[in-house]
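Hello,

Here is the structure we talked about, for your own inspection. My notes on its pockets and its metal site follow below.

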Amino acid sequence: MKRWSCAALVLLALAGGAHAAAPGLCERIVGRLPNVTRPLCESAKLVDSGVKSVQGTPLYMRDIGAHHGRLRVLVVGGIHGDELSSTSVALHWLRLARDEHVDMPQPIHWRFVPILNPDGLLGQPPKRVNSNGVDLNRNFPTPNWERDAAVYWEKRTRKDPRRWPGPKPLSEPETRFLHDQMQGFKPHLIVSIHAPYGVLDFDGPSVPPSKLGRLYLDQVGIFPGSLGNYGGVHKKVPVVTIELPNALRTPLDAETRQMWLDLLRWTATKIQGDGPASR
Ligand SMILES: [Zn+2]
């Protein structure tokens, strides 16, 4: 028994070591992100996924909750590097998912990817696009991407450099990483956090949430190569897209918590995990 405890301690220490990469990250992002303290960043214990951005910054993630939980939820922040509040809210929700117990019909296995575009976030000034100038939220492999993404960019955005979809779908390490997460983790729900339009959008095969906190549903349409289009419309995984009202300021903490509680409440009633028969 004693020997077992010892082995467990060693394992715990090793697990702690795996998190050791994150303090360097916190040094770089705290002070840049609104409403994120050093303790909040460090307590997130983000883990280096082993995948790197175009400029070689690790892409971090963290799993929280029942690893055998039947309901898997993938939360993504910072697809657009200049939407700083999206990363902050993802870190606050990570803490809530870890620390606050809410009775749910099924345990949730959360996977947080709070900074999908670290090169954009760490830019001076922060940038929407990644280091190759690609809008990551137009780079997912939706059907007819080759035709539609280019036409949309040229005609609808008039070649806006902030919205370039890239040379081909999944051309970027950041989008390939998220695509791999979708394939491997198989989320029942994807939550993608943005700013600053102050609405809630939804793509996918279920009844959308009508509101999260003070954000109300306003389905703004679909874009070639967007995560909502790829995940929600094409792969049939519901995607909740949250547009926070301000890219540089987070909502008040009480509002951030209310949004999370509303998300949980909606998830509990609308999203079904794998039944026991399929496990
Ligand atoms: Zn955005």
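**Pockets and zinc site**

The largest pocket has a volume of about 390 Å³. Its lining comprises 22 residues, and the closest to the pocket centre are Asn-137, Arg-138, Val-220, Phe-223 and Glu-243. Two or more lining residues come from each of β5 (189-194), β6 (199-203), α8 (227-234) and β9 (239-243). Sorted by class, this lining holds seven nonpolar, eight polar and seven charged residues. Please keep in mind that the model is predicted.

The second largest pocket encloses about 240 Å³. It is lined by 14 residues, with Ala-97, His-101, Val-102, Ile-108 and Trp-110 the closest to its centre. Here the elements that supply two or more residues are β2 (58-65), β4 (108-113) and α9 (253-270). The lining of this second largest pocket divides into nine nonpolar, three polar and two charged residues.

Now the metal. The zinc ion has protein donors from His-80 (ND1), Glu-83 (two OE entries) and His-194 (ND1), at 2.1 to 2.3 Å. The four donor atoms subtend angles of 59 to 153° at the zinc ion, so the arrangement is irregular; a tetrahedral one would need all angles between 85 and 135 degrees. Along the sequence the donor residues follow the spacing H-x2-E-x110-H. His-80 sits in the loop between β3 (71-76) and α4 (84-99), whereas His-194 belongs to strand β5; the pair is 114 residues apart and links distant parts of the chain.

Both histidines fall under the 20% cut-off for buried residues: His-80 has a relative accessible area of 2%, and His-194 has one of 3%.

Regards

Technical notes
Residues are numbered from 1 along each chain as its sequence is written. This is a predicted model: local features need pLDDT of at least 70, side-chain atom pairs count only at pLDDT 80 or more; totals for chains, interfaces and linings use all residues. Side-chain values use heavy atoms; hydrogens and water are left out. On a 1 Å grid over the protein atoms alone, a cavity is a set of points where a 1.4 Å probe fits but cannot get out, and a pocket is an open set with protein on both sides within 12 Å along at least five of seven lines; lining residues have an atom within 4 Å of a point. Grid points are joined across faces, edges and corners, and a volume is the space filled by probe spheres set on the points. Helices (H or I, at least four residues) and strands (E, at least two) are DSSP runs, numbered from the N terminus. Ala, Val, Leu, Ile, Met, Phe, Trp, Tyr, Cys and Pro count as nonpolar, Asp, Glu, Lys and Arg as charged, and the others, Gly among them, as polar. Donors are N, O and S atoms within 2.8 Å of the metal (3.2 Å for Na, K and Ca); water is not among the atoms, so sites may look incomplete. Four donors count as tetrahedral if all angles lie between 85 and 135 degrees; four count as square planar and six as octahedral if opposite donors are over 155 degrees apart and all others between 65 and 115; anything else is irregular. Buried means under 20% relative accessible area, exposed over 50%, partly exposed in between (1.4 Å probe, protein chains only).
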